[in-house]
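Welcome! Here are some exercises to work through with the structure open beside you. Try each task before you read its solution.

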Amino acid sequence: MKFDIVIKNALIVNHNRTERADIGVKGEKIEKIGTITEEANIEIPGEGKIVFPGIIDPHTHMGIPMMDTFSVDNFKTGSYAAAHAGVTTIIDFTVQNPGDTLLSSFERRRHEARISHVDYAIHVNITSFYNGFLDDMEKVAEKGARSFKVFFAYSFKISDELFLRVQEKAKDINALILLHAENGAIIDYLIKRNIERGHTTPFYHGISRPVFTEEDAVQRAILITEYTNSSLYIVHMTSKRGLKRVKEAKKRKIRVFAETCPQYLYFTDDVYKRPDGHYFIASPPLRKEEDVEYLWEKIKDGTMDTIGTDHAPFTKEQKDRYRGMFYKTPNGLSVIEFSMPSIFTKVLERKLPITTIARLMSYNPAKIFGLEGKGEIKEGADADIVIVDPSFKKVVSPPYKSASDISPFEGLTMRGIPEYVILRGKFLIKEYLFVGHEVKGRYLEQKINLN
Ligand SMILES: [Zn+2]
């Protein structure tokens, strides 16, 4: 047999093991792992390199409305930035506009995503509770979108009653509920009070969203999920107090999954005191050093399930427009361009097992969200492959691949920037250069089976 691509003598990193072997790619699939003597159209020497399964970012927001503006990456520019960080699959969220059903918001999102250079699945936001929305969950699940996100914050927050009913429905139809875990009623009041007192600098963004509002939302959702005997995925967890509740719930065998993001693993609320503090405004806010340390501890002990980026980039201009008015500054950071490098760099620094990256950023998201063929370097899997030269380092600086002109990581030295990225047998990145202009991402149907 002649292979399309052979990676010779590579250190292959999966979620639970590392091994040295050759990888043979034929068409869209990994055909063989072992010793390969056959010819190949393209041979990549693997000595000194590390090979990971393609990164799956389970949390992106391409081109979404935010306050009076839009996040600046669409699926084309966002997936272009993503590819540079080894991301071969993203899961993005629908936007439910006034009058939208779950189905119409899903169809529109799917249409918008067709320009993506990487594969994509879609989470369905439930932000309007019209008559029949519970039945519509089933209709959209039949189209392969089996993960639904609800919010305990913002004007479109879900009530406790409806959260319970949504969880019962999810259990019925084999779907997974994602939660934005903040107590919105408390936060809305604190924001109002801080504005009245003239406390409007970025620092008061964090002050208005105290850590107990996360803990409260996490615990309330866990208790309801326990009662309905369904599953729960908590997005962008930031705090020790919140995550402790998840750890306890897991001990009680409640099916709860926790996600965090690179920004919560890098920065504390100290950044809000910097002159560019408003560039770091996102919700939930950045926390304290003890939270950052606890998140890393829980990555190490397996409590944390996934790392997603919550990529929602804005430009300097968009962020500067409301400088000094935290409550009007668009929420979100440009993260996906350094998703895997940011974690690779810290995993090395903190001397964590290298398998941590494959587990939280590829295998677990594939398993939790039911993405068949993804998440592992193994025979028969999609040939989604990332090759890293661990000796390569780069200082983060503009211009960026994302449409945003700022990065929270600016000035930091990153390792783990991929030398090659392959999506289903096609090169997105070759020798650090994007060559995937003709590569089209594919919509992935979720095959969730959690109950
Ligand atoms: Zn988000």
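## Exercise 1: Two helices side by side

Task: find which residues of α3 meet which residues of α4.

Solution. Leu-134, Met-137, Glu-138 and Ala-141 in α3 meet Arg-165, Lys-169 and Ile-173 in α4. Here a contact means that two C-beta atoms, placed from the backbone, lie within 7 Å. Sorted by class, this contact has four nonpolar, no polar and three charged residues. The classes work like this: Ala, Val, Leu, Ile, Met, Phe, Trp, Tyr, Cys and Pro are nonpolar; Asp, Glu, Lys and Arg are charged; the others, Gly among them, are polar.

Before going on, note that this is a predicted model, where local features need pLDDT of at least 70 and side-chain atom pairs count only at pLDDT 80 or more, while totals for chains, interfaces and linings use all residues. Residues are numbered from 1 along each chain as its sequence is written.

Next, the geometry. The axes of α3 (residues 133-141) and α4 (residues 160-173) come within 10 Å and cross at roughly 35°. Axes are lines fitted to C-alpha atoms, for helices over the stretch in contact, and angles run from 0 to 180 degrees between N-to-C directions. Helices (H or I, at least four residues) and strands (E, at least two) are DSSP runs, numbered from the N terminus. The crossing of α3 and α4 is right-handed; that is, the near helix is turned clockwise from the far one by less than a right angle, whereas anticlockwise would make it left-handed.

## Exercise 2: α4 meets another helix

Task: work out how α4 and α7 are oriented to each other.

Solution. Start with the axes: those of α4 and α7 (residues 211-228) come within 9 Å and cross at roughly 45°. The two helices are therefore oblique to each other. For the label, angles under 35 degrees count as roughly parallel, over 145 as roughly antiparallel, 65 to 115 as roughly perpendicular and the rest as oblique. The crossing of α4 with α7 is right-handed.

Now look at the residues. From α4 come Asp-160, Phe-163, Leu-164, Gln-167, Glu-168 and Lys-171, and they meet Arg-220, Ala-221, Ile-224, Thr-225 and Thr-228 of α7. By class, the contact of α4 with α7 has four nonpolar, three polar and four charged residues.

## Exercise 3: Strands in a row

Task: trace how β1, β2 and β3 are paired.

Solution. First, β1 (residues 3-13) and β2 (residues 18-26) are antiparallel, with seven bridges. Strands count as paired if DSSP finds at least two bridges between them. Val-6 has Gly-24 in β2 as its bridge partner, and a hairpin of four residues joins β1 to β2.

Then move on to β3 (residues 29-34), which runs antiparallel to β2 over five bridges. Lys-26 stands opposite Lys-29 in β3. The hairpin of β2 and β3 has two residues between the strands, and there Gly-27 takes a positive phi near 60°.

## Exercise 4: The open sheet

Task: give the strand order of the eight-stranded sheet and find its edges.

Solution. The order is β6-β9-β10-β11-β12-β13-β14-β15, with parallel pairing in an open sheet. At the edges stand β6 (55-60) and β15 (306-307); each has a single partner strand, so one side of each lacks a neighbour in the sheet.

Follow β6 to its partner: β6 and β9 (residues 87-93) are joined in parallel by four bridges. Thr-60 has Asp-92 in β9 as its bridge partner, and Asp-57 has Ile-90 in β9.

## Exercise 5: Buried or exposed?

Task: decide whether Lys-76 and Asp-310 are buried, partly exposed or exposed.

Solution. The rule counts other C-beta atoms, placed from the backbone, within 10 Å of a residue's own: 20 or more is buried, 12 or fewer is exposed, and in between is partly exposed.

Lys-76 belongs to α1. With 18 other C-beta atoms within 10 Å, Lys-76 is partly exposed. In its helix, α1 (residues 75-83), eight of the nine residues are buried.

Asp-310 sits in the loop between β15 and α11 (316-320). It counts as buried because 25 C-beta neighbours lie inside 10 Å. Setting aside neighbours within four places in sequence, Asp-310 contacts His-59, His-236, Cys-261, Ala-282 and Val-335.
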